[in-house]
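The report below goes with the sequence and the three-dimensional view, and reads best with both at hand. It moves from a strand pairing outward to the sheet, the helix and the cysteines.

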Amino acid sequence: MDPCPFVRIVVRNLCLKFCNSPPPLSCYCKIKLKNFTTQIADVACCDHVNQVGDQVQASFSFKKSEFDKLVIDKSNGLKIQLYSGPKGNPICGVGSSKLIGAVSVSLDSKVIDNNRGCLVLHNRWVKVGSKKSVELHLDVRVEPDPRFVFVFDGEPECSPQVFQVNGNLRQAVFTCNFSFRTSGDRNLRSGSSEANNSGKWLRSMRQEKEKVVKERKGWSITIHDLSGSPVAMASMVTPFVPSHGSDDVGRSNPGGWLILRPGDNTWKPWGRLEAWRDSTGLLGYRFELLPEAGLDPITISNSTISSKHGGLFTIDITNGASPMITPGGSFDSGSGSWSWSGSGSDGSWAQVMHRGFVMSSKVGGTNPEVEIGVPYVTCTEDAAAYVALAAAVDLSVDACQPFSKKLRKELRYDGE
């Protein structure tokens with residue numbers, strides 16, 4: 001099945017030139033687009049066009065149909081506000097920033113399809129400010145950003161099927177198998193010496209049960225292709241336990257998952273996910289890719305989502321921009337098998353050098369929906385690894401719930 005058409009607006013190479021005065025020590029901008037979180041980014045100052053750097057300050061992603069609706073209204077343009085001074089809220093009037101000026105860029109309604117490449121909306125210097133004594137270099141373009149989209153047909157702990165979707169087309173591609181990796185050590189035990197002392201036996205059972213519910217460990221979900229072969233796995237390797245004197249999993253001692261891919265007749269670690277519940281009740285997470293031997297892991301996603309309502313887990317390797325507020329992130333349809341050329345992908349460490357969107361997943365409170373950038377999927381195992389990662393993030397929302405809260409039955413051992 002073909003990938004779904006997505007569109008990405010990219011704001012890049014911002015640079016300020018002060019014509020009649022020395023530049024301030026620091027400048028930044030707020031980049032706004034209707035229905036999106038405001039993004040903020042530093043803006044460099046320069047004296048000459050050759051000093052303009054190559055950096056992405058912000059990006060906004062849409063389904064192609066959403067973009068088409070947005071550009072119908074000419075008022076839905078991109079707005080960039082420029083400031084001098086430090087970012088953040090001033091304290092007692094100290095550290096306040098000053099508005100330099102603002103620029104608006106209209107969005108073009110020309111059709112963007114996957115074969116035409118990017119459309120440059122604006123790439124030049126423009127005067128800003130009341131006296132027009134400041135110039136801004138601005139590069140805004142619209143790029144096709146096709147993605148493969150996968151939807152779980154249920155919560156991960158219910159061992160659902162996973163479908164690839166494109167518009168109204170929907171096709172099963174994976175099955176999931178959720179399990180408790182080790183359950184023998186969870187059996188409640190009462191020694192023979194306690195058999196004659198019912199009070200002591202009951203106290204021991206209650207203590208043992210209390211110990212059980214004070215840790216969540218051993219969860220595992222395996223992704224299989226339609227032939228039944230395992231193609232990815234997420235395995236909880238660090239238990240989720242409450243911090244001392246608390247009912248929550250703390251950042252100082254997060255729970256952890258390994259995301260594994262098959263190779264050489266064994267499972268090979270591909271990524272590591274850590275999750276915790278912060279002081280405000282949000283789910284904090286950090287995901288790092290695990291390289292070949294001799295290279296250090298690299299964190300490529302580190303943020304928070306709502307532990308109550310869920311949110312969007314995202315891996316987007318785009319330089320420069322940061323959210324102003326944390327957001328609540330060819331397939332053969334006939335045979336049901338992947339048909340890309342080559343024998344497979346080893347999850348090469350070089351993939352991290354790719355820029356742009358990698359993946360996102362809606363998790364918590366709904367069946368996970370996973371979007372994966374086309375450059376990052378070259379075989380079944382590539383897609384399955386990101387599907388397994390999405391399942392691990394979704395399960396972490398449950399694993400980080402307060403320990404006073406009883407989890408749904410699919411996530412509990414017998415006797416809990």
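In this predicted model, strand S13 (residues 219-225) runs antiparallel to strand S14 (residues 230-238), and the two are paired over 5 bridges. Two positions in this pairing can be followed residue by residue: Thr222 has Met233 of S14 as its bridge partner, while Ile223 stands opposite Ala232, also in S14. The hairpin that S13 and S14 form has 4 residues between the strands, and in it Gly228 adopts a positive phi near 95 degrees. On to the next pairing, S14 is also antiparallel to S15, again with 5 bridges, and here Thr238 stands opposite Gly256 in S15. The residue pairs are collected below.

| Residue | Opposite residue |
|---|---|
| Thr222 | Met233 (S14) |
| Ile223 | Ala232 (S14) |
| Thr238 | Gly256 (S15) |

These strands belong to an open sheet of 12 strands with antiparallel pairing, whose order is S18-S17-S16-S15-S14-S13-S12-S11-S10-S24-S23-S19. At its edges are strand S18 (298-306) and strand S19 (311-317), each of which pairs on one side only. From one strand to the next, the twist averages 20 degrees.

What lies across S13 and S14? Helix H3 does, and it also lies across other strands, including strand S10 (147-152), strand S12 (169-180) and strand S16 (266-277), while running at about 160 degrees to S15. Helix H3 comprises residues 380-399, and because 20 residues at 1.5 Å a residue should span 28 Å, the 28 Å found between its end C-alpha atoms agrees with the expected value. Of the 20 residues of H3, 19 are buried, so the helix is largely enclosed by the rest of the structure. As a general point, an α-helix has 3.6 residues a turn, so residues three or four places apart point the same way.

Two cysteines can be considered alongside this helix. Cys379 has a relative accessibility of 7% and therefore counts as buried, the cut-off being under 20%. Cys400, at 0% relative accessibility, likewise counts as buried.

How many disulfides does a search of the whole structure find? The search finds 1 disulfide, and it joins Cys15 to Cys46, with a distance of 2.2 Å from S to S. This pair links distant parts of the chain, since Cys15 is in strand S1 (residues 6-18), whereas Cys46 is in the loop between strand S4 (44-45) and strand S5 (56-63), and the two cysteines are 31 residues apart. Both Cys15 and Cys46 are buried.

The loop between S4 and S5 also holds Gly53. Gly53 is 38 residues from Cys15 in sequence, yet the C-alpha atoms of these two residues are 7.7 Å apart in space. With a relative accessible area of 42%, Gly53 is partly exposed, in contrast to Cys15 and Cys46, which are both buried.

For the protein chain as a whole, there are 3 helices and 24 strands. Among its 416 residues, 47% count as buried, and the surface that the chain exposes comes to about 20,500 Å², of which carbon and sulfur atoms supply 49%.

Terms used
Residues numbered from 1 in each chain as written. Predicted model: local features only at pLDDT ≥ 70, side-chain atom pairs only at ≥ 80, totals over all residues. Heavy atoms only, no water. Disulfide = S-S within 2.5 Å. Buried < 20%, exposed > 50% of the residue type's maximum accessible area, 1.4 Å probe, protein only. Expected span 1.5 Å × (residues − 1). Areas by Shrake-Rupley, 256 points an atom, 1.4 Å probe, with all protein chains shown as cover. Pairing = 2+ DSSP bridges. Axes fitted to C-alpha atoms, helices over the stretch in contact; angles between N-to-C directions. Contact = heavy atoms within 4.5 Å.
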